[in-house]
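Subject: A structure for you to look at

Hi there,

Here is the structure I promised to pass on to you. Have a look at it first, and then read my notes below.

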Amino acid sequence: MKKIPAVTPTIPDVNIKVTFPKECDIGVSYCRMLLHDTLLNDDGFRTGISDTPLCSCGVEKESVEHVLLRCQKYTEARQLMFDN
Ligand SMILES: [Zn+2]
């Protein structure tokens with residue numbers, strides 16, 4: 001029988017206690033954001049699936065932080081989330 005090597009996942013040091021949501025799809029998205037393994041251009045450019053790391057707004061790289069906190073394309077959705 002073929003042996004399967006042990007795998008120890010490495011999660012970047014986020015300096016906070018991480019609590020994962022109970023919903024599987026949200027938990028998977030959360031892990032992908034923590035591991036910089038998203039379909040956003042910054043991650044895609046690093047892995048070769050995007051031609052540019054920039055956001056289509058043209059202001060900066062399309063990173064998780066940019067999309068969640070600063071991108072002008074999502075200002076209305078961000079405000080709606082914070083208000084509810
Ligand atoms: Zn943007």
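Of the 84 residues in this protein, 8% count as buried. Please keep in mind that the model is predicted. Its average pLDDT is 86, and 81% of the residues score at least 70.

Now for the overall layout. The protein has four helices and zero strands, so you can read its elements from the N terminus as α-α-α-α. Among the elements, confidence is lowest in α1, with a mean of 90, and highest in α2, at 96. As for contacts with a separation of 6 or more, 11% of them join residues that are 24 or more positions apart.

Let's walk along the chain and stop at a few residues.

Leu34 sits in helix α1. Is Leu34 buried or exposed? Neither label fits: Leu34 has 15 other C-beta atoms within 10 Å, and because a buried residue needs 20 or more and an exposed one has 12 or fewer, Leu34 is called partly exposed. Leu34 also has a partner to look for, Val64: the two are 30 residues apart in sequence, and their C-alpha atoms are 9.1 Å apart in space.

A little further on is His36, in the loop between α1 (24–34) and α2. What is the phi of His36? It is near 55 degrees, a positive value in a residue other than glycine. That is worth a second look, because most residues other than glycine have a negative phi. His36 has 14 other C-beta atoms within 10 Å, so this residue is partly exposed.

Next comes Ile49, which you will find in the loop between α2 (41–47) and α3 (64–70). Why does Ile49 count as exposed? Ile49 has 10 other C-beta atoms within 10 Å, and the label follows because 12 or fewer is the cut-off for exposed. Try finding Leu39 as well: Ile49 and Leu39 are ten residues apart along the chain, and 8.7 Å separates their C-alpha atoms.

The last stop is Lys73, in the loop between α3 and α4 (75–83). Lys73 counts as partly exposed, because it has 13 C-beta neighbours inside 10 Å. If you look for Cys57, you can check another pair: Lys73 and Cys57 are 16 residues apart along the chain, with their C-alpha atoms separated by 6.9 Å.

Happy exploring, and write back with any questions!

Best wishes

Conventions:
Residues numbered from 1 in each chain as written. Predicted model: local features only at pLDDT ≥ 70, side-chain atom pairs only at ≥ 80, totals over all residues. Helix = DSSP H or I, 4+ residues; strand = E, 2+ residues; numbered from the N terminus. Contact = placed C-beta atoms within 7 Å. pLDDT = per-residue confidence, 0-100.
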